[in-house]
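This note is meant for a colleague who is meeting the structure for the first time. Please read the numbered points with the model open alongside.

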Amino acid sequence: MIGRDWFRPRPRSEEAPVTDLFSGDETRAPSFQNAVDAIPGWSCHFPVEYGLSAGKLPTFDDPRITWAMERFGDLSGRAVLELGPLEASHTYMLAKAGAHVDAVEANRLAFLKCLVAREILDFPNARFYLGDFVQWLEQTETRYDLIVASGVLYHMRDPLRLLRAMSERADAIYLWTVIVDDDRLAPSATQRFEGLDMRLYARGYGDRSVAFCGGSMDFPNWMHRNDVLAALRALGYEEITVLDDIIGTAGNTLPTFSVFARRRPAEV
């Protein structure tokens, strides 16, 4: 159950100045740590064998991505689109499994962190693009074998638009997202989608510090667990597998889940 206070705006924290991020020179002896230190606000912890100090999340060996890859099967030579790579930890896992990855990131600092991570970990079969991944999905003609969207759906102002755009580019998708699972919580709005009424729950960010890694627009809309699954079924995904998990965020426990969805490709 999500407490109602999670839908109240949060006070904004003071943003760290980043205008002079790359001014001046590095006076220490060259090292990977210098590159990490050049960009503030890291969230993820590099593989321990590199001995680097960055963030705390161990996402370069993330069991959620391992689970998704097991559901999909062999990724060797497969085309994968990753939405919101953040610091390239999941990109690293996908590329290490043999996939060719296009990763689209809108946050400029996160994009630079992805480039640093690729330089340090040396995984050449990935390309990072700076920009809006919804527009990428809606404007590209490329079809992917798999789309990975970990931690992005609940940051969207229009999550149903994202689900539809993903469905038009791949027959297999993986989602990890925060969800609403309390039927007593009144939705902020409902939206008609594929003949179904979908509940939307507006959530204010507030915090926009340098370490902020949410969406570009405030008040994204979260979705109810059942509505996410119903939307995927409506979009033609027959095989839907769910992995429930719970994480702690900012001292609160939020319901989350992983979903792997696949449909049979249309016959030509």
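1. The model is predicted. A convenient starting place is strand β6 (residues 189–193), which is joined to strand β7 (residues 196–202) by 5 bridges. The two strands run antiparallel.

2. Within this pairing, R192 has D197 of β7 standing opposite. The hairpin of β6 and β7 leaves 2 residues between the strands, and E194 adopts a positive phi near 50° there.

3. Strand β7 also pairs with strand β8 (residues 221–223), again in the antiparallel sense, through 3 bridges. N221 in β8 serves as the bridge partner of A202.

4. Attention may now turn to the helices. Two packed helices are described by the angle between their axes and the distance between the axes. For helix α2 (residues 63–72) and helix α3 (residues 89–96), the axes come within 10 Å and cross at roughly 35°. The crossing of α2 past α3 is right-handed.

5. Which residues of α2 and α3 meet? From α2 they are R64, I65, T66 and M69, and from α3 they are H90, M93 and L94. Sorted by class, the contact of α2 with α3 comprises 4 nonpolar, 2 polar and 1 charged residues.

6. A further residue to inspect is K113, located in helix α4 (residues 108–121). Is K113 buried or exposed? K113 counts as buried because its relative accessible area is 5%, which lies under the 20% cut-off. Leaving aside residues up to four places away in sequence, K113 touches I39, P40, G41, W42, L86 and E87.

Terms used: Residues are numbered from 1 along each chain as its sequence is written. This is a predicted model: local features need pLDDT of at least 70, side-chain atom pairs count only at pLDDT 80 or more; totals for chains, interfaces and linings use all residues. Side-chain values use heavy atoms; hydrogens and water are left out. Helices (H or I, at least four residues) and strands (E, at least two) are DSSP runs, numbered from the N terminus. Buried means under 20% relative accessible area, exposed over 50%, partly exposed in between (1.4 Å probe, protein chains only). Contact means heavy atoms within 4.5 Å. Axes are lines fitted to C-alpha atoms, for helices over the stretch in contact, and angles run from 0 to 180 degrees between N-to-C directions. A crossing is left-handed if the near helix is turned anticlockwise from the far one by less than a right angle, and right-handed if clockwise. Ala, Val, Leu, Ile, Met, Phe, Trp, Tyr, Cys and Pro count as nonpolar, Asp, Glu, Lys and Arg as charged, and the others, Gly among them, as polar. Two strands pair if DSSP finds at least two bridges between them.
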